[in-house]
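Please examine the structure shown below. The report that follows describes selected parts of the fold in turn.

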Amino acid sequence: MTSTPRPATPRPAAPRHAANPAADAPVTLSTEVAEARDAGAAVVALESTILSHGLPAGRNLEVAARLEDTVRRAGAVPATIAVLDGTPQVGLTAAQLERVCSADEELDKLSARDLGPTLAAGRSGATTVASTSVLAHAAGIGVFATGGLGGVHLPPPGATTTWDVSADLGVLGRTPILVVCSGMKSILDIPATLEVLETGSVPVLGYGVDEFPAFYLRSSGLPVPHRVDSPGQVAGAMTAHRAFSSAGMLLANPIPAEAEMDLELHDRLLAEGLAKVGEAAVSGADVTPVLLEHFHTASGGVSLDANEELVVANAELASRVAVELAR
């Protein structure tokens, strides 16, 4: 659906427990998103980095359309988020989605720390989990669906520790938004990531499972602190949590069983990818792109198919939860 963007309209002050420090941020909502939000209807935020950086051109636009259609069919309004020409856009027109998905645009990858400089410079970029969460909260949206959460990186070859921790975790610890994902990629240190979430007082829920998912795999073998089995239970937990905490909540939804990657293939790709990182002396923010590129190319597209199916499943679940929260 194509709609004309319009500036966000003033809203009643949020209750103290949901105070929004970004309430006056220059965020532009599409007409569809603004009307749904103002009416108290269900809205689900979607990130744009998966489109501009996570999927190949052509396929990314197909996935973008599929995600938005999935959200609408589940009874919610999709709000894909990106920064275009210095303006955070919450809810994209068809033309804006095409721009985000165009390889010629070469959009920057924006985390939360990059928003200020990017807006001031009038630049454009795709939003990560961290920046999408910040902008969704600024727009009054409380539910966000993504593929995988960032986390604590594994130490580089030859090292025993790392300071490479995704900004997603810190933002989730101070932003009252529900993030629906399939855990974090197995290329990360999942036990350490769960510890950081605990430190940030972020509740972690497993949807229909007792073990935390690992993105391409349905289970990491680690327990989830709380299990929920229906969108209503998730909505109830989030409502109760918001009454006394400004932290977000993580809902871990395992990849659909039919799309799960073969364990032997997964482990081989991971070992090969880590070896490739070590041989090339890759470090910092470049590690994840190298590993994911290896997964995509060496798996013959299996990882891309898995990525698409899990993010679509997360969008559907997030929409059902958003509908419950809007009741």
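Pro-289 is partly exposed, with a relative accessible area of 44%; here buried means under 20% relative accessible area, exposed over 50%, and partly exposed in between, computed with a 1.4 Å probe on protein chains only. The model is predicted: local features need pLDDT of at least 70, side-chain atom pairs count only at pLDDT 80 or more, and totals for chains, interfaces and linings use all residues. Residues are numbered from 1 along each chain as its sequence is written, and side-chain values use heavy atoms, with hydrogens and water left out. Pro-289 belongs to helix H11, residues 287-298. Helices (H or I, at least four residues) and strands (E, at least two) are DSSP runs, numbered from the N terminus. Although Pro-289 and His-53 are 236 residues apart along the chain, their C-alpha atoms are separated by 8.9 Å.

**The chain as a whole**

The chain contains 12 helices and 12 strands. Of its 327 residues, 52% are buried. Among contacts with a separation of 6 or more, 73% are between residues 24 or more positions apart; contact means heavy atoms within 4.5 Å. Ala-313, in helix H12 (residues 302-325), offers a further pairing across the sequence: its C-alpha atom is separated by 10.0 Å from that of Val-71, 242 residues apart along the chain. Leaving aside neighbours within four places in sequence, Ala-313 is in contact with Asn-253 and Pro-256.

**Annotated positions**

The unreviewed UniProt entry places the annotation "binding site" on Lys-109, Val-129, Ser-166, Ala-167 and Asp-168. These residues span 60 residues in sequence, yet no two of their C-alpha atoms are more than 13.5 Å apart, so they gather at one spot. The unreviewed entry also gives the annotation "binding site" to Asp-164. UniProt positions follow the numbering used here, feature names are shortened, and annotations may be inferred rather than shown by experiment.

Three of the annotated residues are set out below with their locations and relative accessibility.

| Residue | Location | Relative accessibility |
|---|---|---|
| Val-129 | helix H6 | 5%, buried |
| Asp-164 | loop between strand S8 (143-145) and helix H7 (167-174) | 24%, partly exposed |
| Asp-168 | helix H7 | 8%, buried |

Neighbours within four places in sequence are again left aside for the contacts of Val-129, which are Glu-47, Phe-144, Thr-146, Gly-148, Leu-149 and Asp-168. Asp-168, on the same basis, is in contact with Thr-128, Val-129, Ala-130, Leu-149 and Gly-150.

**Helix H6**

Helix H6 covers residues 129-138, and 9 of its 10 residues are buried. The buried residues are Val-129, Ala-130, Ser-131, Thr-132, Ser-133, Leu-135, Ala-136, His-137 and Ala-138. An α-helix has 3.6 residues a turn, so residues three or four places apart point the same way. Just after H6, Gly-140 adopts a positive phi of about 80°.

**Strands around S5**

Which strands pair with S5, and in what sense? Strand S2 (residues 28-30) pairs with strand S5 (residues 87-90) in the parallel sense over 2 bridges. Strand S4 (residues 77-84) is joined to S5 by 4 bridges, and these two strands run antiparallel. Two strands pair if DSSP finds at least two bridges between them. Individual bridge partners can be named on both sides: Thr-28 has Gln-89 as its partner in S5, and Leu-84 has Thr-87. S4 and S5 form a hairpin with 2 residues between them, and Asp-85 in the turn has a positive phi of about 55°.

**An enclosed space**

A search of the whole structure finds 2 cavities of 30 Å³ or more. On a 1 Å grid over the protein atoms alone, a cavity is a set of points where a 1.4 Å probe fits but cannot get out, and lining residues have an atom within 4 Å of a point. Grid points are joined across faces, edges and corners, and a volume is the space filled by probe spheres set on the points.

The second largest cavity holds about 50 Å³ of space. Its lining is formed by Leu-46, Glu-47, Ile-50, Leu-67, Ala-145, Thr-146, Gly-147, Val-311 and Ala-315. This lining divides into 6 nonpolar, 2 polar and 1 charged residues. In this classification Ala, Val, Leu, Ile, Met, Phe, Trp, Tyr, Cys and Pro count as nonpolar, Asp, Glu, Lys and Arg as charged, and the others, Gly among them, as polar. Glu-47 and Thr-146, listed in the lining, are also among the contacts of Val-129.

Terms used: 1 Å grid on protein atoms, 1.4 Å probe; cavity = no way out; pocket = protein on both sides within 12 Å on 5 of 7 lines; lining within 4 Å.
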